[in-house]
Amino acid sequence: MADKEIKLMKGNEVIAHAAVRCGCDGYFGYPITPQSEVMETLMELKPWETTGMVVLQAESELASINMVYGGAATGKRVMTSSSSPGISLMSEGMSYLAACELPCLIVNCQRGGPGLGTIQPSQGDYFQACKGGAHGDFHLIVLAPASVQEMHDFVELGFELAFKYRNPAMILADGAIGQMMEKVVLSPQKPRRTDAEIEAECGPWAACGKGNRRERNICTSLELQSEKMEKINQRLQTKYATIEAAEARWEEIECDDAEYVIVAFGSSARICSATVEAARKQGIKVGLLRPITLYPFPAQAVAALAGRGVKGFLSVELNAGQMVEDVRLAVAGKAPVEHYGRQGGMMFTPDEALEALKEKLLK
Amino acid sequence: MSEVEIKRENLVYDKPRLITDDVMHYCPGCSHGTVHKLVAEVIDEMGLEKSTIAVSPVGCSVFAYKYVDVDWVEAAHGRACAVATAIKRLNPDRLVFTYQGDGDLAAIGTGETIHAAARGENIATIFINNAIYGMTGGQMSPTTLLGMKTATTPYGRDAGLNGFPYKIAEMLVHLDGATYITRQSVHTPANVRKCKKAIRKAFENSLAGNGYSMVEVVSTCSSGWKMSPVEANKWLEENMLPYYPLGDIKVSELPR
Ligand SMILES: Cc1ncc(C[n+]2csc(CCOP(=O)(O)OP(=O)(O)O)c2C)c(N)n1
Ligand code: SF4
Ligand SMILES: [Mg+2]
């Protein structure tokens, strides 16, 4: 394969290419619109013949996330992808993955809910992705791509962060990012890690057969003694605090002189970048803060803008107002924080977001 | 009591090398301990200590990983066969087996079990069928016999009220991917020996890449059944075995 390849591709297809190219060991999934192209593309690519990557269509999302759990427990780079209803079925597995501190990558190409909902784009799973979404105190690392290129880049970044912190990572995309076609620069093919490399990186914990290690490894989340279980919880929380301090990522567009700031992620952010331009043409100084990591939420960036006197924040989301809660917490009462959004698979135009900003913040 | 010294040459029974020194939590007379011993012996005799990845369930054997000295992955309730599927596919040279109870395997994990078998995954399942949810205090399981009293069938399992029990081993026979399905027990020394042979055969079948294997062990749960260990063995013979008859149910080659 050539070193640098530029292609026109769908976001979902790119996930598959990026997975193979970054040396992923295994993908386990179950079809659901609007993300089925991920597995379809992998099956077409036949990576088992080139890199040796395993691709398996499971019988359910319950099975696919538990396959991810099994693979991750042996130190492999494994992933799955789905869309909202399927992600709900995976929530049990995510709790176990987080509890056992297993690295893996989960892609959620969100669609509108609740229930079976619609197959059109939505950002209604923000709470589910960022606030646990299953039993117990835990967090996923959550990345929000706003372009097909980021769909590509976040596969490798997701694995990198997942292994750095031994924590499941999620790409929280949506039907728009998954289905749209854009130019993408594909990374060169990396080899999968060898058994020796996995042993060097994951030897202290991966249950891949005792081999020549003296101590055996056991992957479990069970601890019946509350004193010990509390310690495990505290260790997890310490890890999350480290992640919050070190890994928040965001992009600021025209925020330097902004009087009003839109906070938006993923496809909403793409639309809102045009809102910023439209507002500035009308002489309204609007900026855009785009969280790239949703967990950890870039609260420090929001707080800094609030601290230097931004007059109002508008959280624009394809939902009824979820991230707005984190924006409010970060702004801490220093300025009004409002929400604008569409639901059920409806999108908004840049002008509609601008109208909402004027109505809610400039009255 | 006076100390009795047992001379090495008089030793007729020893703790298997791969059984750890952890104090087992199983009740007296429980089949789990016996089957653990067999699993440990077979792994040792086959020289697989360093290349085994075992998957434990949620149920009384949730702590199986404490007792058998190999690498273990603890699965969520019912998910063992999905977990094992990926482990084996990503680590094809390892022995990968699941160890599961009837609630874990035949209720909440039915889907995962059937599909792993249907795909012909090269894994083995040790299935402890004690016809009850031992761990949670003796409730009805899918394999609870009609008339049997449990915490959730206090007047006895009634088909109209609670549905019929079922034989998952016989169901699996119809799947091309399932090639070795056998039902054993450990309630007599002779049965213990037969069961051990079956476990070995299942492990060999997995390593040969010949698809899915299951060794069902018709087991006792003296606590859940509210019987002494001796009564439980007798009850097993008189009640469980007529409905869950012992022996090989399917021995075949994977269709190519
Ligand atoms: C999702 C979920 N549901 C329920 C339970 C509670 N639970 C633990 S073990 C068990 C039944 C175990 O029965 P079985 O598999 O027959 O094993 P045994 O204890 O009899 O060996 C149940 C219902 C659980 N841990 N997780
Ligand atoms: S409750 Fe039953 S299955 Fe559990 S350890 Fe006791 S006898 Fe064994
Ligand atoms: Mg049971």
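The following exchange goes through a ligand shell, a pocket and a chain interface in a predicted model.

Trainee: How many charged residues does the shell around ligand 2 have?

Mentor: The residues around ligand 2 include Cys27(B), Cys30(B), Cys60(B) and Cys221(B), together with others such as His32(B) and Asn130(B). Sorted by class, this shell has five nonpolar and five polar residues, and the number of charged residues is no more than none: it has no charged residues.

Trainee: Which helix gives the most to the lining of the largest pocket?

Mentor: The largest pocket, with a volume of about 620 Å³, is lined by 27 residues, and Ala99(A), Cys100(A), Thr220(A), Ser221(A) and Ile232(A) are those that lie nearest its centre. In chain A, α4 (84–99), β9 (218–219) and α9 (226–246) each supply at least two residues of this lining. The element that gives the most, with five residues, is α9(A).

Trainee: How many residues of the lining of the largest pocket are nonpolar?

Mentor: The lining of the largest pocket holds 27 residues, which can be divided by class. Seven of them are polar and six are charged, while those that count as nonpolar are 14.

Trainee: How many salt bridges does the rule find across the interface of chain A and chain B?

Mentor: The contact takes 34 residues from chain A and 35 residues from chain B, and the two chains bury about 2700 Å² between them, 58% of it on carbon and sulfur atoms. In chain A, Glu59(A), Lys210(A) and Arg216(A) lose the most area to chain B, together 23% of what that side buries. Glu92(A) forms a salt bridge with Arg79(B), their closest N and O atoms being 3.1 Å apart. Across the interface, the number of salt bridges found by the rule is six.

How values were computed:
Residues are numbered from 1 along each chain as its sequence is written. Chains are lettered from A and ligands numbered from 1 in the order in which they are written. This is a predicted model: local features need pLDDT of at least 70, side-chain atom pairs count only at pLDDT 80 or more; totals for chains, interfaces and linings use all residues. Side-chain values use heavy atoms; hydrogens and water are left out. A residue is near a molecule or strand if one of its heavy atoms lies within 4 Å of it. Ala, Val, Leu, Ile, Met, Phe, Trp, Tyr, Cys and Pro count as nonpolar, Asp, Glu, Lys and Arg as charged, and the others, Gly among them, as polar. On a 1 Å grid over the protein atoms alone, a cavity is a set of points where a 1.4 Å probe fits but cannot get out, and a pocket is an open set with protein on both sides within 12 Å along at least five of seven lines; lining residues have an atom within 4 Å of a point. Grid points are joined across faces, edges and corners, and a volume is the space filled by probe spheres set on the points. Helices (H or I, at least four residues) and strands (E, at least two) are DSSP runs, numbered from the N terminus. Contact means heavy atoms within 4.5 Å. Buried area is the accessible area (1.4 Å probe) that two parts lose on being put together, summed over both. A salt bridge is a side-chain nitrogen of Lys or Arg within 4 Å of a carboxyl oxygen of Asp or Glu.
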